[in-house]
Amino acid sequence: MTATRQASYFTPRRLGHVNLWVDDIPTSERFYSDVCGLRVEFSEPELVATFLGTGHTPHDLGMIQKTNGVDRYGKDGLLQLPGTIGLHAGLNHLAWELENEADLVAAFRRLKDDGVPTDITVDHQVAHSVYMFDPDGNYNEFYCDTVKEWRQVLSGPMALITTHWDPLTAEGFTESRYDTDPVLRTNTAAPMRPWRITHAVLETARIEEMTRFYTEIGGLHVVAHEEGVVYLGATQAQYDHHLVLVPANSASYHHASFQLADEATLDSAIAGLQTQGVAIARQVDLPWKRSIFLRDPDGLCSEWYAKRPAPRALSALGELDLVEAA
């Protein structure tokens with residue numbers, strides 16, 4: 001089933017990145033860089049955070065060490081990470097890239113006018129961001145890039161970069177400041193050669209309510225609704241979808257999915273992982289994709305896949321879990 005686009009507050013281009021809470025930054029950084037091939041672009045030692053990617057955006061994957069109940073502050077005394085959050089390893093937030101600041105500001109002002117609650121608004125130096133929660137309590141960042149040549153601003157260990165930003169008084173620039181021709185880089189010493197992050201998968205007991213949030217607030221559109229699974233896309237047609245909602249008994253972040261260039265790249269990655277003795281949690285072989293699932297040092301799952309040309313058919317899965325086929 002395909003749904004039509006409806007009016008919303010935000011209008012994302014794509015899923016920009018996924019950010020995780022982790023138990024130990026150095027350990028997780030080594031896994032995602034030395035095993036998975038994501039390149040460390042920059043870090044914030046005072047925030048205890050590392051940001052890795054392939055170059056499509058300033059990062060495909062961010063990670064922040066758990067707060068363990070202690071507040072952490074950004075620039076100018078901004079309470080960036082209250083000690084009441086980040087107590088366990090798992091999803092910190094999903095980040096949705098908008099076209100420009102004007103779109104972000106307009107969406108925020110409409111939310112305020114309509115009494116829709118948001119959390120914080122911040123300036124990350126290379127991005128302006130609005131944060132809010134979905135009905136299951138998953139945190140979402142809606143942001144616009146503010147610096148096209150972001151590698152000239154962010155590189156290596158950085159002093160605290162995040163400070164206050166007020167969308168009610170912001171300029172609201174209309175030009176797009178994301179890189180349309182990015183230089184892609186990975187850790188060439190790693191067995192994996194990721195191309196880009198494409199989507200995240202959430203399990204939920206409230207499919208309809210979550211779908212309403214991500215369409216009516218988040219501005220995604222339903223690409224397909226199949227076997228109870230909802231596929232949601234943004235405006236970038238070169239991505240099949242950006243978020244998958246899978247029915248479950250309780251709410252949970254399941255995984256982020258990273259696309260590889262082709263099956264030969266996946267074969268090479270599997271051989272390299274086996275040589276290094278890295279356990280593959282699951283291999284999935286379907287007509288529309290072939291993938292492997294890995295578990296990071298905290299047990300968090302990620303998918304690394306190559307597309308195949310056949311259409312998706314969830315009704316033909318057999319005993320394979322929906323969440324792994326999504």
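Reader: What is the strand order in the open sheet of 8 strands?

Author: Strands of a sheet pair through backbone hydrogen bonds, either parallel or antiparallel. In this predicted model, the open sheet runs β14-β15-β16-β13-β17-β20-β19-β18, and its pairing is mixed.

Reader: Which are the edge strands?

Author: They are β14 (221-226) and β18 (282-286), each of which pairs on one side only. From one strand to the next, the twist averages 20°.

Reader: Which helix packs on the sheet and touches β17, β18, β19 and β20?

Author: That is helix α4 (residues 263-276). The direction of α4 makes about 30° with that of β19. Helix α3, in turn, lies across β13 (194-204), β14, β15 (229-233) and β16 (243-247). Relative to β16, α3 runs at about 165°.

Reader: Take one strand, β20. In which sense does β20 pair with β17, and in which with β19?

Author: With strand β17 (residues 252-260), β20 pairs in the parallel sense over 5 bridges. With strand β19 (residues 289-295), the pairing is antiparallel, over 7 bridges.

Reader: Which residues can I use to find the register on the β17 side, opposite Ser302 and Cys301?

Author: Ala256 stands opposite Ser302, and His255 has Cys301 as its bridge partner. On the β19 side, Phe293 stands opposite Glu303.

Reader: How many residues lie between the strands in the hairpin of β19 and β20?

Author: There are 5, and within this hairpin Gly299 takes a positive phi near 85°.

Reader: Is β20 mostly covered or mostly open?

Author: In a regular strand the side chains alternate between the two faces of the sheet. Strand β20 (residues 301-307) is mostly covered, with 6 of its 7 residues buried.

Reader: Now the interior. Which residues touch the most other members of the largest nonpolar core?

Author: In soluble globular proteins, nonpolar side chains tend to be buried together. Here the largest core has 61 residues, and those touching the most other members are Phe10, Val18, Leu94, Tyr214 and Leu243. Apart from this core lies another, of 17 residues, including Ala224, Phe293, Leu314 and Val323. Phe293 is thus a member of that core as well as the residue opposite Glu303 in β20.

Reader: Which residues does Leu94 touch, leaving out those up to four places away in sequence?

Author: Among them are Leu15, His17, Val18, Tyr139, Ala200, Leu202, Tyr214 and Leu243. Leu94 also touches Asn140 and Glu141.

Reader: Where does Thr215 lie, and is Thr215 buried or exposed?

Author: Thr215 lies in helix α3 (residues 207-217). Its relative accessible area is 5%, so Thr215 counts as buried, the cut-off being under 20%. Thr215 and Ser8 are 207 residues apart in sequence, but their C-alpha atoms are 6.6 Å apart in space.

Reader: Is Arg14 buried or exposed?

Author: Arg14, in strand β1 (residues 14-22), is buried, with a relative accessible area of 8%.

Reader: What makes a polar contact with the side chain of Arg14?

Author: The side chain of Tyr239 does, at 3.5 Å. In addition, a polar atom of the Arg14 side chain lies 3.3 Å from the backbone oxygen of His56. Leaving aside neighbours within four places in sequence, residues in contact with Arg14 include Thr57, Trp96, Glu97, Gln236 and His242.

Terms used: Residues numbered from 1 in each chain as written. Predicted model: local features only at pLDDT ≥ 70, side-chain atom pairs only at ≥ 80, totals over all residues. Heavy atoms only, no water. Buried < 20%, exposed > 50% of the residue type's maximum accessible area, 1.4 Å probe, protein only. Helix = DSSP H or I, 4+ residues; strand = E, 2+ residues; numbered from the N terminus. Pairing = 2+ DSSP bridges. Core = buried A, V, L, I, M, F, W, Y, C linked by side-chain atoms within 4.5 Å. Contact = heavy atoms within 4.5 Å. Axes fitted to C-alpha atoms, helices over the stretch in contact; angles between N-to-C directions. Polar contact = N/O pair within 3.5 Å; in protein donor to acceptor, adjacent residues only side chain to side chain.
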